[in-house]
Amino acid sequence: MLKKIDHVGILVASIPEALKFYQGVLGLSVSGIEEVKGEGVRIAFLPVGESKIELLEPLDKESPIYRTLEKRGEGLHHLAFETDSTVDCLKGISAFGVMPINEVRQGADGKEVAFLHPKQTHGVLVELCSRGERV
Ligand code: ZN
């Protein structure tokens, strides 16, 4: 059902500031920067082997992740697993009574994503994503 760890999301106050470390010190390269207006977030992708680091920066103070940044500061935000189909994956886990926070929706990088609440996953916000089969 799960294919690999697609990416690790890291919440940062400023992507340019964070790149001083991830690019400048660790030597990773940015493969793209994207804004997901509906989520109020700007995202920078930095591939590492088969996976990516996803730096998340709030677009403004209305952004849901802005509140998280205020409350908890920068740091690990979510862990994303790639699946063949996010929709099918959710159907599978719903049999165990585990429900996503939201319906499947279009996320960054043209993917279909859904999130599982940390209360259901032993403390980690889990993202399930797949190459948008319905798009
Ligand atoms: Zn993500």
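Biologist: In what sense do E5 and E8 pair, and over how many bridges?

Modeller: Start with the general idea. Strands of a sheet pair through backbone hydrogen bonds, and the sense is either parallel or antiparallel. Now this structure, which is a predicted model. E5 and E8 run in the parallel sense, paired over four bridges. One register point helps: Leu 79 has Val 126 in E8 as its bridge partner.

Biologist: E8 also pairs with E7. In which sense, and over how many bridges?

Modeller: Antiparallel, over six bridges. For the register, look at Ala 114, which stands opposite Leu 128 in E8.

Biologist: How much of E8 is buried?

Modeller: Strand E8 spans residues 126–131. Five of its six residues are buried, so the strand is mostly covered.

Biologist: Step back to the whole sheet. What is the strand order?

Modeller: Read the order across the sheet. Here eight strands form an open sheet, E2-E3-E4-E1-E5-E8-E7-E6. The pairing is mixed.

Biologist: Which strands are at the edges?

Modeller: An edge strand pairs on one side only; here these are E2 (32–36) and E6 (105–106). Elsewhere in the sheet, E1 pairs with E4 (residues 51–58) in the parallel sense, over five bridges. Gly 9 stands opposite Glu 54 in E4.

Biologist: Which strands does helix H1 touch, and what angle does it make with E4?

Modeller: H1 covers residues 15–22 and packs on the sheet. It touches E1, E2, E3 (41–48) and E4. The direction of H1 makes about 150 degrees with that of E4.

Biologist: Which residues of H1 are buried, and why do they line one face?

Modeller: Look down the helix axis and check the arc. The buried residues are Ile 15, Ala 18, Leu 19 and Tyr 22. They fall within an arc of 105 degrees, so they line one face of H1. E1, E2, E3 and E4 are among the elements that cover these residues. On the other side of H1, Pro 16 and Lys 20 are exposed.

Biologist: Use that reading on H3. Which strands does it lie across?

Modeller: H3 (residues 86–94) lies across E1, E5, E7 (111–116) and E8. Its angle to E7 is about 25 degrees. Its buried residues are Thr 86, Cys 89, Leu 90 and Ile 93. Their arc is only 100 degrees around the axis, which puts them on the same side of H3. They pack against E1, E5, E7 and E8.

Biologist: And H2? Which of its residues are buried, and which are exposed?

Modeller: H2 runs over residues 64–72. Ile 65, Thr 68 and Leu 69 are the buried ones. Down the axis of H2 they fall within an arc of 100 degrees, so they line one face. That face packs against E1, E3, E4 and E5. On the other side, Arg 67, Glu 70 and Lys 71 are exposed.

Biologist: Take Thr 68. Why does it count as buried?

Modeller: The cut-off is under 20% relative accessible area. Thr 68 has 18%, so it counts as buried. Leaving aside residues up to four places away in sequence, Thr 68 touches Leu 11, Gly 73 and His 77.

Biologist: Gly 73 comes up there. What is its phi?

Modeller: Positive, about 80 degrees. Gly 73 sits just after H2.

Biologist: Now the metal. Which residues are the protein donors of the zinc ion?

Modeller: List the donor atoms and their distances. They are His 7 (NE2), Glu 54 (OE), His 78 (NE2) and Glu 127 (OE), at 2.0 to 2.5 Å from the zinc ion. Their spacing in sequence is H-x46-E-x23-H-x48-E. His 7 in E1 (residues 2–11) and His 78 in E5 (residues 75–83) are 71 residues apart, so this pair links distant parts of the chain.

Biologist: Why is the arrangement around the zinc ion irregular?

Modeller: Compare with the ideal. Four tetrahedral donors have ideal angles of 109.5 degrees. To count as tetrahedral, all angles must lie between 85 and 135 degrees. Around this zinc ion the four donor atoms subtend 88 to 164 degrees, which makes the arrangement irregular.

Biologist: Are His 7 and His 78 buried or exposed?

Modeller: His 7 counts as buried, at 2% relative accessibility. His 78 is buried too, with a relative accessible area of 3%.

Conventions
Residues numbered from 1 in each chain as written. Predicted model: local features only at pLDDT ≥ 70, side-chain atom pairs only at ≥ 80, totals over all residues. Heavy atoms only, no water. Donors = N, O, S within 2.8 Å, 3.2 Å for Na, K, Ca; no water. Tetrahedral: all angles 85-135°; square planar, octahedral: opposite > 155°, others 65-115°. Helix = DSSP H or I, 4+ residues; strand = E, 2+ residues; numbered from the N terminus. Buried < 20%, exposed > 50% of the residue type's maximum accessible area, 1.4 Å probe, protein only. Contact = heavy atoms within 4.5 Å. Pairing = 2+ DSSP bridges. Axes fitted to C-alpha atoms, helices over the stretch in contact; angles between N-to-C directions. Arc of directions from axis to C-beta.
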